[in-house]
Each structure stands twice: as C-alpha cells, then as structure tokens.
Amino acid sequence: MVKLSFLLNGEPFEAEAPPSMSLADLLRSIAGMRSIHLGCEQGVCGACTVLVDGGSARSCLMLGAQAQGRSVTTAEGVPAQHPEFWPAIEAALVERNAFQCGFCTPAMVVCLEELLAGDKPVSLDAVLRHLSGQLCRCTGYTPVLDAFGEILGRAGLSSGETSSRTPARQVRSHATKDRIDDRGRFTRGGGRYVADLALADDVLAVGFVRSAVARARILSVDLDSTRRAEGVMAAFAPEDLESTLRPLPVRYGPGRLYDWQLLARSSVSYVGEPLAVVVGTNRAAVEEAIDLADIEYEPLSPVVDVEKAREGSPGVVRPEAGTNVLFSLKREQGDVDGALVGGASLEARSFADIIKNSI
Ligand code: FES
Ligand code: FES
C-alpha cells in the first residue's frame, strides 16, 4: 500500500492505495467520486476524464500514485468553481438536451471546465477538437456543442463565430419540469449505473482468468499463487464448479446446436476466453491475483479462413460442437428460376466472399 495525499476538488485528500491502483479506481472506490465512469479503461472513450493540475487527463491511464501532491478536479467539484454561474451552465446542458443516459456527461463537464478556465475566446473548431476525445454513445455531439457554445458565449469566451454544425436553436425537452430538474444531477456526477453496484461495502469483486492466445489446448491451469494472493477469497477452475456451472445451450431456431462451456476446459478458441473465476475483496486485488495464474498451453493454429473452416481446417472452433458448420440454411424468395433464366445479368457470390469484401 502507498500513502497518498493530494487536493481533490480543492480539499486536501489522503488515502492508502495499492501501488498498481489506477487513479480512476482510487477516485471511484476510495474517494467515492461516482462521476468517474469506466467505459473502456484503455484511454479511448474519455468517460474517466478528470483535470490534473488544470489539464484534462484520462484517469484510467494514470496510477493513483501519480496524483501525489497534485490537484485533481472531477465533475463533483465543478459547480463549486462557479457558485454564481453553475445554474446557467446546468440549465444550458439540460435544456439543450446535451445528454440522454448521462454516462459521458461528467467527463464533458470536466472538459467544459478546462475551457472555462482559459482566458481567451475559443472557436467552435477548437471546442470540437477539445471534445474529440470524448465519446458519447447515445446523444451525439450537436446538442453538446450547442450547449457549450451558449455557456462559453455567456462567459465571454466565445469567438462569436456561428457554424452550420451548431444552428442557433433551443432544443426543448418534452419531459416534465420535474424530470428536467432531476436531469441536472447527471451533470454533477449523480447518475447511477450498473457498475456503481460494485462500490457498495458488502459487495465482492469477481474477475476471470482469460486466455492470452487465440487457439490452444490447455495443458494445465495452476491457481495456487492466485489463491494465496492478498485480498483473494477464492479461485475456481471449471472442475471446482462442476455441480453449479451449467453450460449455455446455443440454439438456432428450435434446434439446439451445442452446449457452450462457460469456462474453457480442454482448449481455448479465442483471446479472452474465460478459464477460471477469481473472487476477492476488491477489484485491484482480483486483478493482481489474476496475473498470478499459471496457464500452460499447447498453441494451435487459429481458424481465420471461412472456406477452410467449412472443411474443418485447421480445426474445429468449438470442440463442443464437433464441427464448424453448425447449420445450413437455404432461402429463396420470389421466382428464382425465372430470374436466373430471364435476367439481364447473372452474378454469383458466396457469403464468404461478401464477408471478406466487407472486411
Ligand atoms: S475509461 Fe478511461 S478512456 Fe475510457
Ligand atoms: S449521453 Fe449517453 S453516452 Fe453520452
């Protein structure tokens, strides 16, 4: 454990955290900052964005230890930066429908705060570039840009430029006034999502040891070091769960094609296929323990060619199915024979060709 102290939303904050804990996990699970959302944990989606010493940063890519002695701002801390102006900021975001589910909203607010802290007017293109690292999965960007334009304009930070991308319009919600008032909580990090369940005190963390290779025979799965790791309560290989773990029937229409084993037993057929389950007191402990699992593989050639796969080469993807051709389907619509005889041109393509060309 490392002792950390830094400024969090303007207040001194101290914590002890595992050295490998990300800043995002530290802020969520130790500091209780639920505005930090984890979409990808790879620095792509931007949902975990915070300000570190005034500059936006992906908290999933930083270690908590890197915050030592610095100043971190999350969406929870933005309203206090603007005691007078915040109601107008929130109203602009809500009334212009700048969010639906609100998952990306706290990070958008943090980005807005970075712009508001600047001292010169910002062009619309600069705002767009600024937002380009934030992925919104359900609303889109025009309403966000509209709201940002209005807020920056009121703050005297707009270049005054208008853009066809951001028509001057007021998008009114059809929701009730109560619903609109309630939506403001999303801007302050008050949205609640499934991942927040894991932050309750009495909830254990679960993780999976996953295959690092695309196709292989499993020679051995050794979980001894995983089980001994600090914070781990149990680790299960498939044989430990024989009586409880039921296979998942894979069906097409009324037919049962095969039973999918939820934990790989004798072989793996994709990178990331689960091999064992680890249960611990917290996510960081589980993730460290997963890395201690010792898996021995005999690598096999992956199946990457559709035509060859139909012939079973270089092998069967799902051994439970026993074949790579799970079912055959013939579908005809209209007068196929007539069209083949009387058509001006005839083109024949296989499904595999269509897939290859689209890729
Ligand atoms: S969770 Fe950090 S960038 Fe996606
Ligand atoms: S509002 Fe849903 S992801 Fe942006």
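Strand 3 (residues 49-52) and strand 4 run antiparallel and are joined by 4 bridges, and within this pair V50 has A57 of strand 4 as its bridge partner. The model is a predicted one, and the points below follow this pair of strands outward, to the sheet that holds them, to the helix packed on that sheet, and to the nonpolar core.

**The sheet**
- The sheet is open and consists of 5 strands in the order 2-1-5-3-4, with mixed pairing.
- Because strand 2 (11-17) and strand 4 (55-58) stand at the edges and have a single partner strand each, one side of each is left without a neighbour in the sheet.
- On average, and with direction ignored, neighbouring strands of this sheet are turned by 40 degrees against each other.

**The helix on the sheet**
- Helix 4 packs on the sheet, where it touches strand 3, strand 4 and strand 5 (71-73), and the direction of helix 4 makes about 30 degrees with that of strand 3.

**The nonpolar core**
- The largest nonpolar core has 68 residues, of which L27, V110, A276 and V278 touch the most other members.
- Helix 4, which spans residues 105-116, gives the most to this core, contributing 6 residues.
- The core lies between domain 1 (2-195) and domain 2 (204-299), because both domains give residues to it.

**Contacts of L27**
- When its neighbours within four places in sequence are left aside, L27 is in contact with M33, I36, V50, S59 and T74; one of these, V50, is the residue whose bridge partner in strand 4 is A57.

Methods: Residues are numbered from 1 along each chain as its sequence is written. Chains are lettered from A and ligands numbered from 1 in the order in which they are written. This is a predicted model: local features need pLDDT of at least 70, side-chain atom pairs count only at pLDDT 80 or more; totals for chains, interfaces and linings use all residues. A nonpolar core is a set of buried Ala, Val, Leu, Ile, Met, Phe, Trp, Tyr and Cys residues joined through C-beta atoms within 7 Å. A residue is buried if 20 or more other C-beta atoms lie within 10 Å of its own, exposed if 12 or fewer, and partly exposed in between; C-beta atoms are placed from the backbone. Helices (H or I, at least four residues) and strands (E, at least two) are DSSP runs, numbered from the N terminus. Domain bounds come from an automatic or database domain assignment. Two residues are in contact if their C-beta atoms, placed from the backbone, lie within 7 Å. Two strands pair if DSSP finds at least two bridges between them. Axes are lines fitted to C-alpha atoms, for helices over the stretch in contact, and angles run from 0 to 180 degrees between N-to-C directions.
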